[in-house]
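Hello,

Here is the structure we talked about handing over. Please look it over alongside the notes below.

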Amino acid sequence: MLLEREATMRRQKGFEARARAAKLRHDAQIENADFRAARGLHRNMFMALAGCDWIRKHHGLLVTGQTDPTT
């Protein structure tokens, strides 16, 4: 259990370091997606893409459209 905890902590610290280095402007998380906003997001499609099955199947993904209306 101690080795598992140590490995988990190291992965978490590595992730946090990469996230800081990326300097992302928004703390976006799949769980926090707002489907009520009038952006044309379709919950089923969004969640299917979030499951990453398309990556395992070696399919590509092209996202088009405006990404941030404030810029």
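What follows is a short account of an aromatic pair and of two backbone angles.

This is a predicted model, in which local features need pLDDT of at least 70, side-chain atom pairs count only at pLDDT 80 or more, and totals for chains, interfaces and linings use all residues. Residues are numbered from 1 along each chain as its sequence is written, and side-chain values use heavy atoms, with hydrogens and water left out.

Searching the whole structure gives one aromatic pair (rings of Phe, Tyr and Trp, the last by its six-membered ring, with centres within 6.5 Å; planes under 30 degrees apart are stacked, over 60 edge-to-face, the rest tilted). The pair is edge-to-face because the ring planes of Phe35 and Phe46 stand at 80°, with the centres 5.3 Å apart. Phe35 sits in the loop between α1 (2-22) and α2 (43-50) and Phe46 in helix α2, so the pair ties together parts eleven residues apart in sequence. Helices here are DSSP runs (H or I, at least four residues), numbered from the N terminus.

Phe35 is buried, at 18% relative accessibility, while Phe46 is partly exposed at 25% (buried is under 20% relative accessible area, exposed over 50%, partly exposed in between, with a 1.4 Å probe and protein chains only).

Two non-glycine residues with positive phi are also worth listing. Cys52, in the loop between α2 and α3 (53-56), has a phi of about 65° and is partly exposed at 29%. His58, in the segment after α3, has a phi near 60° and is exposed, with a relative accessible area of 73%.

Regards

Note on methods
Helix = DSSP H or I, 4+ residues; strand = E, 2+ residues; numbered from the N terminus.
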